[in-house]
Amino acid sequence: MQHAVAYDDPAAVDAAVKDLRRLPPLVTSWEIERLRSLIAEAQEGKRFVLQGGDCAETLADCRSETITNKLKILLQMSLVLVHGVKKPVVRIGRFAGQYAKPRSSATETREVNGQKVTLPSYFGDLFNSAEFTAAARRPDPALMVRGYKHSALTLNFIRSLVDGGFADLHHPEYWDLSFFAHASLSPSLREEYQRMTANLADGLRFMEALGEKAVDDLTRVEFFTSHEGLSLDYESAQTRTVPRRAGHYNLSTHFPWIGERTRSLDGAHVEFFRGIRNPIGIKIGPKAAGDEVVALCERLNPGNESGRLALICRMGAANVAANLPRIVESVQKAGKKVLWMCDPMHGNQTTTSTGIKTRSFDAICSELEASCDVHKKLGTVLGGVHFELTGEDVTECVGGAAGVTEADLSTNYVSLCDPRLNYQQSLEMTFLLSRKLGRGN
Ligand code: PEP
Ligand code: CO
């Protein structure tokens, strides 16, 4: 199997899977069906999907503040987008289960006390731990159960926050917009951001004046969960039939996706995903061929049903113009129903001269803009975006008005995997995207 992690204790794998089968599901089939119908509407251009969160969640970061901050930035971004695209926004977190990471190499070598040491790579907290010791890096099946439990704790808190209504977060007056003041922002862009914020605040006040119901309807605070469905032991243990509905549901999350490295047509992941009813994402990189993507659509959605498939394209800013059009044209020509999404993060990774993995704000923005242009030209709809971000003040991606430079990266670089946009970069990126989409691309 592609990217299968080598456990050395099959009995422990069986025991973990047995536990997971017995434990209650994390989400329900009616929530999954609701998301399917929302994605179907996004395919028709009636809604816009915002998906975002950490590259890899960690068990250690299952904390109140981190979760609240993630929810807060996603909510704020969605309000800016509602304003820009003039459509309801569907919020999907990369959270409550984003614990499994595919790695380009199965092993990692480091120098420890003058000696080269090779250990299994860190595959995410669902499989092993990040610390560079043999004990930590040994894949441990019991971590699947811990991952499940931490997903449940995260989701429980998210549901409570959403039910309780975190109303003040609606209001731009309370947002941290200090990046507006930064010298690197051109006066015209600063003015535009300020105008957008003022309009947004006015709009929210107006809706509130109409009564709470109107605010609820337009900015309805509903969150869905998603993660990469990498561990088939884990995903299949939470996959079940439910009373009075046909088919199997993966009840570990609402919206699982297949990664760029595991989407081969005859691979185990496609075979597993074929059998579940959830709406699913497929990551599409610059090397994908048009007919290969059409074949994936056929295999994963033979009935060509609405709301089932999202193609999350992650080409890299420099590759969009050359590679995205042929994919879009092939899918369009074959008449396949899909939601087009753009992940402007995974094709834009670079390494600094001192070996730090980063992404540039400008490249991320430019991939988004180039993707909007391709869809506009071909008459298709860019119906969603996928970000790696955090609500914290990290320094992992360079650029943005707040001016994170390469030299700043070490100030607060926390991600164990890929670099994320920080709070201010995420908000600013959303203003730019909103402006682009608001102009009819
Ligand atoms: C990811 O989303 O973290 C990831 C690994 O993406 P991709 O499969 O697109 O490389
Ligand atoms: Co990532």
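User: Let's start in a loop. Leaving aside its neighbours within four places in sequence, which residues is Arg47 in contact with?

Analyst: The idea is to skip the chain neighbours and see who is left. For Arg47, that leaves Leu38, Glu41, Ala42, Lys87, Pro88, Val90 and Gly383. Keep in mind that this is a predicted model.

User: Where does Arg47 lie, and is Arg47 buried or exposed?

Analyst: Place first, then accessibility. Arg47 is in the loop that joins helix 2 (29-43) to strand 1 (48-53). Buried means under 20% relative accessible area, and Arg47 has 19%, so Arg47 counts as buried.

User: How far apart are the C-alpha atoms of Arg47 and Ala152?

Analyst: Here you read two separations, one along the chain and one in space. Arg47 and Ala152 are 105 residues apart along the chain, and 28 Å separates their C-alpha atoms. Try the same reading on Pro139 and Val13: 126 residues apart in sequence, but 10 Å apart in space, C-alpha to C-alpha.

User: What else can I say about Pro139: where is its place, and what does Pro139 touch?

Analyst: Pro139 sits in the loop between helix 4 (134-137) and helix 5 (142-164). Not counting residues up to four places away in sequence, Pro139 touches Val5, Ala6, Tyr7, Phe127 and Asn128. Pro139 is buried too, with a relative accessible area of 9%.

User: Now backbone angles. What is the phi of Lys86?

Analyst: General idea first: most residues other than glycine have a negative phi. Lys86 is not a glycine, yet its phi is positive, about 60°. Lys86 lies in the loop between helix 3 (64-85) and strand 2 (89-93), and is exposed, with a relative accessible area of 67%.

User: And Arg244: what is its phi, and where does Arg244 lie?

Analyst: Arg244 also has a positive phi, near 60°, in a residue other than glycine. Arg244 is found in the loop from strand 6 (239-241) to strand 7 (248-250). The relative accessible area of Arg244 is 82%, which makes Arg244 exposed.

User: On to the metal. Which residues coordinate the cobalt ion (ligand 2)?

Analyst: For a metal site, list the donor atoms with their distances, then look at how the donors are spread along the chain. The cobalt ion (ligand 2) is coordinated at 2.1 to 2.5 Å by SG of Cys55, NE2 of His346, OE of Glu388 and OD of Asp418. In sequence, those donor residues are spaced C-x290-H-x41-E-x29-D.

User: What does the pair Glu388 and Asp418 tie together, and are Glu388 and Asp418 buried or exposed?

Analyst: Glu388 is in strand 14 (residues 382-388), while Asp418 is in the loop between strand 14 and helix 13 (423-438), so the pair links parts that are 30 residues apart in sequence. Both Glu388 and Asp418 are buried.

User: Helix 13 keeps coming up. At what angle do helix 3 and helix 13 pack?

Analyst: Read the angle, then the axis distance, then the residues. Helix 3 and helix 13 pack at about 15°, with their axes 8 Å apart. Angles under 35 degrees count as roughly parallel, so helix 3 and helix 13 are roughly parallel to each other. Helix 3 passes helix 13 in a right-handed crossing. Among the residues in the contact are Ile73, Val80 and Leu81 of helix 3, and Leu427, Phe431 and Leu437 of helix 13. By class, the contact of helix 3 with helix 13 has ten nonpolar, six polar and one charged residues.

User: How do helix 6 and helix 13 pack?

Analyst: Helix 6 (residues 187-209) meets helix 13 at an angle of about 85°, with the axes 11 Å apart. Helix 6 and helix 13 are therefore roughly perpendicular to each other. Helix 6 contributes Leu189, Glu192, Tyr193, Met196 and Thr197, and helix 13 contributes Glu428, Phe431, Leu432, Ser434 and Arg435. The residues of this contact divide into five nonpolar, two polar and three charged.

User: One last pair: at what angle do helix 11 and helix 12 pack?

Analyst: Helix 11 (residues 320-333) and helix 12 (residues 361-378) pack at about 40°, and their axes are 10 Å apart. That makes helix 11 oblique to helix 12. Helix 11 passes helix 12 in a right-handed crossing. The contact includes Leu324, Pro325 and Val328 of helix 11, and Ala370, Val374 and Leu378 of helix 12. By class, the contact of helix 11 with helix 12 has seven nonpolar, three polar and two charged residues.

Definitions and conventions: Residues are numbered from 1 along each chain as its sequence is written. Chains are lettered from A and ligands numbered from 1 in the order in which they are written. This is a predicted model: local features need pLDDT of at least 70, side-chain atom pairs count only at pLDDT 80 or more; totals for chains, interfaces and linings use all residues. Side-chain values use heavy atoms; hydrogens and water are left out. Axes are lines fitted to C-alpha atoms, for helices over the stretch in contact, and angles run from 0 to 180 degrees between N-to-C directions. Helices (H or I, at least four residues) and strands (E, at least two) are DSSP runs, numbered from the N terminus. Angles under 35 degrees count as roughly parallel, over 145 as roughly antiparallel, 65 to 115 as roughly perpendicular and the rest as oblique. A crossing is left-handed if the near helix is turned anticlockwise from the far one by less than a right angle, and right-handed if clockwise. Contact means heavy atoms within 4.5 Å. Ala, Val, Leu, Ile, Met, Phe, Trp, Tyr, Cys and Pro count as nonpolar, Asp, Glu, Lys and Arg as charged, and the others, Gly among them, as polar. Donors are N, O and S atoms within 2.8 Å of the metal (3.2 Å for Na, K and Ca); water is not among the atoms, so sites may look incomplete. Buried means under 20% relative accessible area, exposed over 50%, partly exposed in between (1.4 Å probe, protein chains only).
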